[in-house]
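Biologist: Could you take a close look at one part of this predicted model for me, the backbone and its surroundings, and then walk me outward from there? I would enjoy one connected account.

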Amino acid sequence: MSPNVRRSAGLLLFRTSGGSGLEVLIGHMGGPFWAGRESEAWSVPKGEYGPEEEPAAAARREFGEEFGHPAPDGTWVALGESRQPSGKIVTVWAMEGDLDPATAVPGTFTMEWPRGSGVQQEFPEIDRFAWCTPEVAVECLVKGQRVFVDRLREHLDGGQGPSTHAAS
């Protein structure tokens with residue numbers, strides 16, 4: 001892994017029993033830059049990791065940090081990588097599971113806000129989670145992550161896409 005390339009790993013939960021067919025769990029990014037935005041302001045629960053951490057372990061850790069509860073147990077489906085417009089490489093797995101978004105207790109980050117004020121404020125990493133149909137998710141997710149919803153659909157439709165394996 002190149003030390004100059006930023007990498008993130010995430011976990012995209014999906015369910016098929018929510019009454020709407022296939023749904024995926026995505027999170028609205030927290031903080032002042034995303035407030036009031038819906039389109040292209042949502043993300044797969046994910047986060048950065050360094051060369052000392054395996055991507056699957058990072059995905060599991062980041063899901064727990066962003067959702068506030070550990071990822072459920074289950075079989076992981078590798079959805080591959082995608083290079084984001086920023087140059088960051090994101091690796092995502094999917095897993096079938098059903099968590100209640102109302103139980104999320106997201107992690108937080110601190111930043112100076114308003115900019116230049118010298119005032120440090122704390123914001124949630126993800127300010128809310130929601131189950132969405134793939135069509136809605138594609139409208140809400142940042143552009144570089146939409147490919148993971150398409151790959152999940154291909155996998156579930158029996159395509160020759162991602163592979164299934166257990167992740168630790």
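**A close look, starting from one loop**

Modeller: Happy to! With a relative accessibility of 26%, E40 counts as partly exposed, because buried would require under 20% and exposed over 50%. Do keep in mind that this is a predicted model. E40 sits in the loop that runs between β2 (23-29) and β3 (42-43). Its backbone deserves a glance too: E40 is not a glycine, yet its phi is positive, at about 60°.

A second backbone feature is found in another loop. The peptide bond leading from W113 to P114 is cis, and its omega is near -5°. P114 belongs to the loop between β7 (108-112) and β8 (120-124). A positive phi also turns up at G158, which follows α3 and has a value near 85°.

That brings us to α3 itself, which spans residues 146-156 and has R146, F148, V149 and L152 as its buried residues. Viewed down the axis of α3, these buried residues fall within an arc of 160°, so they line one face of the helix. What do they pack against? The partners of the buried residues of α3 are β1 (7-15), β2, β5 (76-83), β6 (89-96) and α2 (134-140). You may recognise β2 from the start, as the strand on one side of the loop that holds E40.

Next, the aromatic rings. Searching the whole structure gives 5 aromatic pairs. One of them joins F63 and F67 in a stacked arrangement, with 5.5 Å from centre to centre and 20° between the planes. Both residues belong to helix α1 (residues 55-67), where they are 4 residues apart, about one turn of the helix. F63 and F67 are both buried, and ring pairs link them with F129 into a cluster.

Helix α1 also leads us to the largest pocket, since α1 and β4 (46-49) each supply at least two residues of its lining. The space in the largest pocket comes to about 510 Å³. Its lining has 24 residues, and those closest to the centre are M29, S43, K46, K88 and Q145. The largest share of the lining, 3 residues, is contributed by β4. By character, the lining residues split into 8 nonpolar, 8 polar and 8 charged.

How values were computed
Residues numbered from 1 in each chain as written. Predicted model: local features only at pLDDT ≥ 70, side-chain atom pairs only at ≥ 80, totals over all residues. Heavy atoms only, no water. Phe/Tyr/Trp six-rings, centres within 6.5 Å; stacked < 30°, edge-to-face > 60°. Buried < 20%, exposed > 50% of the residue type's maximum accessible area, 1.4 Å probe, protein only. Arc of directions from axis to C-beta. Contact = heavy atoms within 4.5 Å. 1 Å grid on protein atoms, 1.4 Å probe; cavity = no way out; pocket = protein on both sides within 12 Å on 5 of 7 lines; lining within 4 Å. Points joined across faces, edges and corners; volume = space filled by probe spheres on them. Nonpolar A, V, L, I, M, F, W, Y, C, P; charged D, E, K, R; others polar.
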